[in-house]
Amino acid sequence: MKLFRLQKGTRERAIARIVLFLVILTAVMIAGSHIPLDSIYVDLENINHPPGLTHLFGTDWVGRDMLTRTVKGLSLSIWVGIICSLSSTVIAAVFGILGPTLGGKADAVISWLVDLTLSVPHTILIILVSIACGGGFKGIVVGVAATHWTSLTRIIRAEVIRIHTSEYVMISKRFGKSRRFIALHHMVPHVVPQMVVGTILVFPHAILHEASITFLGFGLPPHEPAIGVILSESMKYLTSGQWWLAFFPGVCLICVSIMVSALGKSLEQIMDPVTAYKK
Amino acid sequence: MYTADMETRQKKSSPEDGMPVFQVMNFGVSFSQYENGINRKELHVITDLDIELYEGKILAVVGSSGSGKSLLAHAIMGILPGNATIYGKMFYRHEELTRASIARIRGKKICLIPQSVNYLDPLEKVGSQISRAINGVPKAEKKRRAIEMMARYSLDPQVYDYYPHQLSGGMARKVLLSIALLSDCEILIADEPTPGLDEPSLAEVLQDFRLAADEGKAVLMITHDIQAAVRIADRIAVFYAGSTLEVADAKAFSGDGSQLCHPYSKALLQAMPQQDFLPLDGVQPMPGDLPEGCLFYERCPIRCEDCRCSRPQSRPVRGGKVRCFYAA
Amino acid sequence: MKRISVFIGKKLCKLLLLMLVVEVITFALMEASPIDPVTAYVGASTAIGAEQRELIAEKWGLNQPPASRFMSWLSNILKGDWGDSMIYRRPVMDVIRQKFLSSLALMAAAWLLSGILGFFLGVLSGYKEHSIIDRLISGYCHVLISTPAFWLGILFIIVFSVKLHWLPVGLSVPIGVLQSEVSFADKVRHLILPALTLTFTGIASICLHTREKTIEVLRSDYVIYARARGESGRSILHNHVYRNVLPPAVTLQFLSFSELFGGAVFVEQVFSYPGLGYTTVQAGLRSDMPLLMGITVISLIFVFSGNLIADLLYLVIDPRIRERRTE
């Protein structure tokens, strides 16, 4: 309804948010991958240092600087998140487009696969897949990708069905346009934005699951500088009062996850011409 | 319980020149809108509206789609969303109404009869929604009265335990009417009561409103259907671009329309199938860009230079009211 | 009635098929694992020689081909025998029964609390849309959605156990006390923090959903009409908002069994709470195949019953669906 159009600058604000978050996330990634591993050195004179000016996030029981470890861990998390969400999008795109296009049995099988994946708690499935892959980086990526393709598949499938049965595609077919033309001019413009946004929205789940599964001991091995590893180690020192070991890395992880989902939502807002004018 | 009260009332009220039960003067509604993200713009959905309702009389407000009549009922009841601005004056008998006082008489003295079954809570039984209109009596008594009222409109007692989705369109209309009549209201506002009805149901609905009016209620019927309006209304107001252009006796809307004063009313009559079926060129102005002068200026066959820059006020002509400099 | 029994019958067939497929997949995944179950069981210790390893492997039947092992496992299940857990050395079903009951206490408490709190916060937030209260509540929910359950648990330990000393750090029983001597009060004390953690993570989704639904109902035609009838804000809340928002909220809460179970795994791990989630992690870390297969089936049934109850509830609560089904 035109009567309730949105306030000024929503689009501009969304773009500003996207740029800001992209800059922060890229900075964390670059910083993390440029910190050499030996800068996280053992410094036995400065062990269990509470947060302060010299060590913003404090130091751990062998004197390693927690800020450096956290940034390193976050950049690893972001990498894992990117790979996980891209791979689940690929699965979702293949299933979501193939299902309605092939139709019949194939479509039913794909729907049933979605049900099957959702029938067991994600956590259990990721643990099983991770064990099958022998743990580590590969285990996490395959596990998260194997569990997170379902919702996006449903969205893409519904969208493809909608386009297939829509009047403008029917008309296009009557006018004798080729399948290639229809795919390029009608499918791609609708499905691609959904996929981009879907990929970004899977991302926070992916990094949270990565940290969680690693925390349980199924994910990245203990020598990796992952957030899950840091948090899992911190458990041993909680009772002796070293709260900062768990607090700051966790807060940073949550911030990254919130930033990515805000980024996805802003992108959704400016990409979709309909929601672009909603508050 | 009804009739005694009614008779006294009917004696008191004389047909036209008595005191209106409900009156709306210079009434307007506008919404704020941002254009290009920077300029705030007022959308005048209803402007300079005058309405008078009398006991025992039916006033039909007739307007085509886009005239703003869908907001009229909600605006009068004061139930528009928060971003709407309302101005003008409203009177209930002698009392001038404010936003707070209209809330007090809402549902009690002044009742809305909405368009469709969608206005009933889908998960609440019809009976309990009907009996909420009655206050201050025990539950059993409420049910008794509700069923009695439903019987008046030939609704089966078991409808009391139905859910809204089980009602047919006609039944839903009767239920909504029962709710309005069960509350002790004096003013009925019916929002589009007739769309999509076949002839027998239409006759029935119109009969129901006539009956309510004959019992002493003041009825405002908002509709796009002139024919239906002519059949039951005492007076008809022609609604155009958010304002009433002419209020005239219903009888004036018959024959060749020579009784009508405003050029738009005449055009409306001529556009009816049993008349000349003549369409009128042009479109109504949008709420965002109303002309400075007469609202009908663009399409008017008798316009003059004055009409372009100043808007005619409503003035009495031949027992009705007209907004036109040249109508006679 | 007949309709409902046919409905449940169909669902049960679906469940059996799911169970079979899930078990095949679980088995295949465990088979594919490069981790040697014997090594996972005995640890890296070198004290155990190759002969002993061979003995263990033979006892577990690891030397037979996978297909025949799966078939013998399946035929045993049909006889009601789920095999023995490798790490607990007890029948799988015994272990699961005991652990599941203790998890159930945790999950039930969190499920109820998060449902009730989430619902009322959601209604409040939606009713006061755009107010400060609304912003606080939905802000809290958006942050919580991005918070891993286990980290929230760690935060609670830091605050309530380490700093304030109000509640014990973990374990469902005090150290050094025999299982049989643990009092009910102790059990409850050790349940509070895990249950709270699970509650807090569970609130977010139900609260946000209820908020959206409340806003939708408040903008509906029937609430506009209710206002036209002179109903007050309170009356609208009681007569229309609760009536229309509660059924989908309850249904959603039953559909969330999967997240509840997943959350319990992490929370139990953080608090060393000896429930099914903790056991899952142990079984996974030490490649206890029979136990893992049992747990997968139990979690499947758990999630499935949540979905089934949600379906049935809709049949009972919503007159529109009820009618369509019984016609």
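Two strands count as paired if DSSP finds at least two bridges between them. Keep that in mind for the first stops of this tour, which goes through a predicted model.

**Stop 1: the hairpin in chain B**

Select residues 235-240 of chain B, strand β9, and then residues 243-249, strand β10. These two strands pair in the antiparallel sense over six bridges. For one of the partners, click on Tyr240(B): across from this residue, in β10(B), is its bridge partner Ser243(B). β9(B) and β10(B) form a hairpin, with two residues between them. Pick out Ala241(B) in the turn, where phi is positive, at about 50 degrees.

Now stay on β9(B) and show its side chains. Arg235(B), Ala237(B) and Phe239(B) point one way from the strand, while Ile236(B), Val238(B) and Tyr240(B) point the other way. Are these residues buried or exposed? Residues on both sides are buried, and the count for β9(B) is six of six.

**Stop 2: the whole sheet**

Widen the selection to the sheet that holds these strands. What is the order of its eight strands? Following the sheet across chain B, you pass β6, β7, β8, β3, β9, β10, β12 and β11. The sheet is open, and its pairing is mixed. Select 110-113 for β6 and 315-317 for β11 in chain B to see the edge strands, each of which pairs on one side only. On average, neighbouring strands of the sheet are turned by 25 degrees against each other, with direction ignored.

**Stop 3: strand β3 of chain B**

Next, select residues 58-63 of chain B, which make up β3. On one side, β3(B) pairs with β8(B), residues 218-223, in the parallel sense over five bridges. Within that pairing, Ile58(B) stands opposite Val219(B), and Ala60(B) has Met221(B) as its bridge partner.

β3(B) also pairs with β9(B), the strand from the first stop; the two run parallel and are joined by five bridges. Here the partner of Leu59(B) is Arg235(B), and the partner of Val61(B) is Ala237(B).

Why is β3(B) described as largely enclosed by the rest of the structure? A residue is buried if 20 or more other C-beta atoms lie within 10 Å of its own. Six of the six residues of β3(B) are buried, so the strand is largely enclosed. Turn the view to check both faces: Ile58(B), Ala60(B) and Val62(B) are on one side, and Leu59(B), Val61(B) and Gly63(B) are on the other.

**Stop 4: one residue, Ile58(B)**

Zoom in on Ile58(B), which lies in strand β3 of chain B. Ile58(B) counts as buried because it has 26 C-beta neighbours inside 10 Å. Which residues does Ile58(B) touch, leaving out those up to four places away in sequence? They are Phe209(B), Ala213(B), Val219(B), Met221(B), Ile232(B), Ala233(B) and Asp234(B). For a distance to try in the viewer, take the C-alpha atoms of Ile58(B) and Val21(B): these residues are 37 apart along the chain, and the atoms are separated by 12 Å.

**Stop 5: helices in chain A**

Move to chain A and select helix α2, residues 66-102, with helix α6, residues 150-164. The two helices pack at an angle of about 35 degrees, with their axes 8 Å apart. Their crossing is right-handed. Among the residues that make the contact are Ala92(A), Phe95(A) and Gly96(A) of α2(A), and Ile156(A), Val160(A) and His164(A) of α6(A). By class, the contact has nine nonpolar residues, seven polar and one charged.

Keep α6(A) on screen and add helix α3 of chain A, residues 104-119. This pair packs at about 155 degrees, with axes 10 Å apart. Since angles over 145 degrees count as roughly antiparallel, α3(A) and α6(A) are therefore roughly antiparallel to each other. Their crossing is left-handed. Val114(A), Thr117(A) and Leu118(A) of α3(A) meet Thr150(A), Thr153(A) and Arg154(A) of α6(A). Two of the contact residues are nonpolar, three polar and one charged.

**Stop 6: where chain C meets chain B**

Finally, show chains B and C together. Here 14 residues of chain C are in contact with 16 residues of chain B. In chain C, select α9 (221-228), α10 (233-255) and α14 (319-326), each of which supplies at least two residues of the side that touches chain B. Which helix gives the most to this side of chain C? It is α9(C), with six residues. The side of chain C that touches chain B has five nonpolar, four polar and five charged residues.

Notes
Residues numbered from 1 in each chain as written. Chains lettered and ligands numbered in written order. Predicted model: local features only at pLDDT ≥ 70, side-chain atom pairs only at ≥ 80, totals over all residues. Contact = placed C-beta atoms within 7 Å. Helix = DSSP H or I, 4+ residues; strand = E, 2+ residues; numbered from the N terminus. Nonpolar A, V, L, I, M, F, W, Y, C, P; charged D, E, K, R; others polar. Axes fitted to C-alpha atoms, helices over the stretch in contact; angles between N-to-C directions. Left-handed = near helix turned anticlockwise from the far one by under 90°. Buried ≥ 20, exposed ≤ 12 C-beta atoms within 10 Å, placed from the backbone. Parallel < 35°, antiparallel > 145°, perpendicular 65-115°, else oblique.
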